[in-house]
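Morning, everyone. Please have the viewer open while I talk.

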Amino acid sequence: MFVSRLLLRLPRLGHLLSMISTSCFANTAATLYEAGCDVVGLFSMAADSCGNAYMREAYMRALARVERGTSITEALEREPSVDPILIQLTGIGETSGDLGGSLRHRSDAYDEEVPQTAKWALSLIEPGVLIVGGAVVMYVLLAALRSS
């Protein structure tokens, strides 16, 4: 739990991990809703699929509120780690009767955005890898020159 929360707080990586977790949750929840699953089963299975222990606990706390009679939107609003756009789309889906479509919309948006963000993050790492690789090669060459 501690590591999951720590990862979500990292500057750029945390946002990327949060997007992936939200996308997994929304996609699973939309599929289960469209298949006719009840809200309790939907939340528990979708929370298990999100891939982050901290986010899973947030969704499970929201589920406990829903079981006590709170709307899904209100339950999610009380969790600070839940994506605000997911909350808004859940509210729209609840009022319009198309919760599955709203959740699918958020999942699709993140499925398009995640690869772009990951590519950007990897492009920042490439220079560091080159520098570290060059330092290792230089160390090996200096060690070989010194021993001869």
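I will go through the pocket, the cavity, the aromatic rings, the salt bridges and the cysteines. Keep in mind that this is a predicted model.

Start with the pocket. The largest one has a volume of about 220 Å³. Its lining counts 15 residues. Nearest the centre you will find Leu8, Ser18, Met55, Ser81 and Val82. Which elements give two or more residues to that lining? Helix 1, residues 2–9, helix 2, residues 13–34, and helix 4, residues 53–67. Helix 2 gives the most, with 5 residues. As for chemistry, the lining of this pocket splits into 7 nonpolar, 5 polar and 3 charged residues.

Now the cavity. The count is 1 cavity of 30 Å³ or more. The largest cavity has a volume of about 60 Å³. Please select the lining: Phe25, Ala29, Leu42, Phe43, Ile72, Leu76, Thr90, Leu99 and Leu103. At least two lining residues come from each of helix 2, helix 3 (39–49), helix 5 and helix 7. How does the lining of the largest cavity divide into nonpolar, polar and charged? We get 8 nonpolar, 1 polar and no charged.

Stay on Phe25, which is part of that cavity lining. Next come the rings. The structure has 2 aromatic pairs. In one of them, Phe25 is stacked with Tyr59. The centres sit 3.8 Å apart, with 5° between the planes. Phe25 belongs to helix 2 and Tyr59 to helix 4, so this pair ties together parts that are 34 residues apart in sequence. Are these two rings buried or exposed? Phe25 and Tyr59 are both buried. Add Phe43, and you have one aromatic cluster: Phe25, Phe43 and Tyr59. Phe43 also lines the largest cavity, as Phe25 does.

On to charges. Side chains of opposite charge can pair when their charged atoms come close. There are 6 salt bridges in the structure. I will show three of them.

First, Asp48 with Arg56. Their side chains meet at 2.6 Å, N to O. Asp48 is partly exposed, at 48% relative accessible area. Arg56 is partly exposed too, at 29%. Glu57 joins in here: Asp48, Arg56 and Glu57 are linked in a network of salt bridges.

Next, Arg61 with Glu79. The closest N and O atoms are 2.8 Å apart. This pair links distant parts of the chain, 18 residues apart. Arg61 is in helix 4, while Glu79 is in the loop between helix 5 (72–77) and helix 6 (84–96). Look at the burial of the two partners. Arg61 is partly exposed, with a relative accessible area of 35%. Glu79 is at 3%, which means buried, because the cut-off is under 20%.

Then Arg106 with Asp83. This salt bridge comes in at 2.9 Å, N to O. Arg106 lies in helix 7, residues 99–147, and Asp83 lies in the loop between helix 5 and helix 6, so parts that are 23 residues apart in sequence are tied together. What is the relative accessibility of Arg106? It is 9%, and Arg106 counts as buried. Asp83 is buried as well, also with a relative accessible area of 9%.

Last, the cysteines. A disulfide is a covalent bond between the sulfur atoms of two cysteines. A search of the whole structure finds 0 of them. Take Cys24. Its nearest cysteine sulfur belongs to Cys50, 7.7 Å away. Why does that not count as a disulfide? Because a disulfide needs the sulfur atoms within 2.5 Å, and here the distance is 7.7 Å. Turn it round, and Cys50 likewise has Cys24 as its nearest, and is in no disulfide. On accessibility, Cys24 is partly exposed, at 30%. Cys50 is buried, at 4%.

To recap the stops, in case you want to go back in the viewer. The pocket has Leu8, Ser18, Met55, Ser81 and Val82 nearest its centre. The rings to look at are Phe25, Phe43 and Tyr59, in one cluster. For buried charges, go to Arg106 and Asp83. That is all from me.

Definitions and conventions. Residues are numbered from 1 along each chain as its sequence is written. This is a predicted model: local features need pLDDT of at least 70, side-chain atom pairs count only at pLDDT 80 or more; totals for chains, interfaces and linings use all residues. Side-chain values use heavy atoms; hydrogens and water are left out. On a 1 Å grid over the protein atoms alone, a cavity is a set of points where a 1.4 Å probe fits but cannot get out, and a pocket is an open set with protein on both sides within 12 Å along at least five of seven lines; lining residues have an atom within 4 Å of a point. Grid points are joined across faces, edges and corners, and a volume is the space filled by probe spheres set on the points. Helices (H or I, at least four residues) and strands (E, at least two) are DSSP runs, numbered from the N terminus. Ala, Val, Leu, Ile, Met, Phe, Trp, Tyr, Cys and Pro count as nonpolar, Asp, Glu, Lys and Arg as charged, and the others, Gly among them, as polar. A salt bridge is a side-chain nitrogen of Lys or Arg within 4 Å of a carboxyl oxygen of Asp or Glu. Buried means under 20% relative accessible area, exposed over 50%, partly exposed in between (1.4 Å probe, protein chains only). Rings of Phe, Tyr and Trp (its six-membered ring) pair if their centres lie within 6.5 Å; planes under 30 degrees apart count as stacked, over 60 as edge-to-face and the rest as tilted.
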